[in-house]
Amino acid sequence: MIPPYGGDTVWANTAAAYENLPEPLQRLADTLWALHTNAYDYASSHVNADTEQLKRYREVFTSTVYETEHPVVRVHPETGERSLVLGHFVQRLKGLSAGDSTHLLQTFHDHVTRLENTVRWNWTQGDVAIWDNRATQHYAINDYGDAHRVVRRATVHGDVPVSIDGRQSVVLRGAGATLQ
């Protein structure tokens with residue numbers, strides 16, 4: 001169900017964001033690893049949701065807490081392109097203070113979300129969009145008031161992120177969690 005207005009989705013090309021980073025920031029990003037977790041404030045990203053819906057989000061997405069270390073820059077297994085692995089699930093950068101992590105993550109995030117690295121999709125009934133989560137980030141714009149929005153999503157099991165030096169992401173926490 002598409003609302004009568006709003007509810008667009010924006011995708012950012014994280015390979016283009018990496019490519020457009022100044023070379024000193026690329027070198028720094030190439031060496032960094034980030035702690036990702038699903039312990040995330042789902043309410044802040046779903047402010048239009050009613051209390052019952054927020055309760056379901058929390059139950060589904062945080063019933064088991066997962067923590068994983070991913071490289072900030074991954075190599076795409078098919079194209080060989082480098083892309084930034086960031087987003088709202090990043091808690092901090094490994095080996096850096098919270099303050100330094102926050103500043104650096106904001107710098108990288110600002111590059112990812114530059115308009116020249118994004119596309120905005122205005123949904124119409126029956127639309128189908130396919131994207132590669134290995135080289136994109138997406139964001140559903142919450143600008144449709146109390147209108148009802150239902151967009152179905154399916155995720156295909158993917159590969160384990162690999163850094164530029166060949167190291168794979170590592171699961172730190174999660175009941176029986178594996179990346180393969």
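A residue counts as buried when its relative accessible area is under 20%, and S83, at 1% relative accessibility, therefore falls in that class. This is a predicted model, and the briefing below covers its two open sheets, one pair of packed helices, and the surroundings of two individual residues, S83 and V150. One sheet has the strand order 7-1-8, whereas the other has the order 6-2-3-9.

**The sheet with order 7-1-8**

- Three strands make up this open sheet, and their pairing is antiparallel.
- Strand 7 and strand 8 are the edge strands, each of them pairing on one side only, and the twist from one strand to the next averages 20°.
- Strand 1, which spans residues 9–13, is mostly covered, with 4 of its 5 residues buried.
- On one flank, strand 1 pairs with strand 7 (residues 118–121) in the antiparallel sense over 4 bridges, and T9 stands opposite W121 of strand 7.
- Strand 1 also pairs with strand 8 (residues 136–140), again in the antiparallel sense, over 5 bridges.
- Within the pairing of strand 1 and strand 8, W11 has H138 as its bridge partner, while N13 stands opposite T136.

**The sheet with order 6-2-3-9**

- This open sheet is formed by 4 strands, and the pairing is antiparallel.
- Strand 6 (90–93) and strand 9 (170–173) stand at the edges and have a single partner strand each, so one side of each is left without a neighbour in the sheet.
- From one strand to the next, the twist in this sheet averages 30°.
- Strand 2 (residues 33–37) pairs with strand 6 in the antiparallel sense over 3 bridges, and H36 is the residue that stands opposite V90 of strand 6.
- As general background, strands of a sheet pair through backbone hydrogen bonds, in either a parallel or an antiparallel arrangement.

**Packing of helix 2 and helix 5**

- Helix 2 (residues 23–31) packs with helix 5 (residues 98–112) at an angle of about 120°, and their axes are 12 Å apart.
- Because of that angle, helix 2 is oblique to helix 5, and the crossing of the two helices is left-handed.
- The residues that meet are L25, L28 and A29 from helix 2, and L104, T107, F108 and H111 from helix 5.

**S83 and its surroundings**

- S83 lies in strand 5, which covers residues 82–84, and S83 is buried at 1% relative accessibility.
- The side chain of S83 reaches the backbone oxygen of R134 at 3.0 Å.
- Leaving aside residues up to four places away in sequence, S83 touches T14, A15 and Y18, then V72, V73 and R74, and finally R134 and A135; R134, whose backbone oxygen the side chain of S83 reaches, is thus one of the residues that S83 touches.

**V150 and its place in the chain**

- V150 is found in the loop between strand 8 and strand 9; strand 8 is an edge strand of the sheet with order 7-1-8, and strand 9 stands at an edge of the sheet with order 6-2-3-9.
- V150 has 24% relative accessibility and therefore counts as partly exposed, whereas S83 counts as buried.
- The C-alpha atoms of V150 and G7 are separated by 9.6 Å, although the two residues are 143 residues apart along the chain.

Notes
Residues are numbered from 1 along each chain as its sequence is written. This is a predicted model: local features need pLDDT of at least 70, side-chain atom pairs count only at pLDDT 80 or more; totals for chains, interfaces and linings use all residues. Side-chain values use heavy atoms; hydrogens and water are left out. Buried means under 20% relative accessible area, exposed over 50%, partly exposed in between (1.4 Å probe, protein chains only). A polar contact is a pair of N or O atoms within 3.5 Å; within protein, one must be able to donate a hydrogen and the other to accept it, and residues adjacent in sequence count only if both atoms are side-chain atoms. Contact means heavy atoms within 4.5 Å. Two strands pair if DSSP finds at least two bridges between them. Axes are lines fitted to C-alpha atoms, for helices over the stretch in contact, and angles run from 0 to 180 degrees between N-to-C directions. Angles under 35 degrees count as roughly parallel, over 145 as roughly antiparallel, 65 to 115 as roughly perpendicular and the rest as oblique. A crossing is left-handed if the near helix is turned anticlockwise from the far one by less than a right angle, and right-handed if clockwise.
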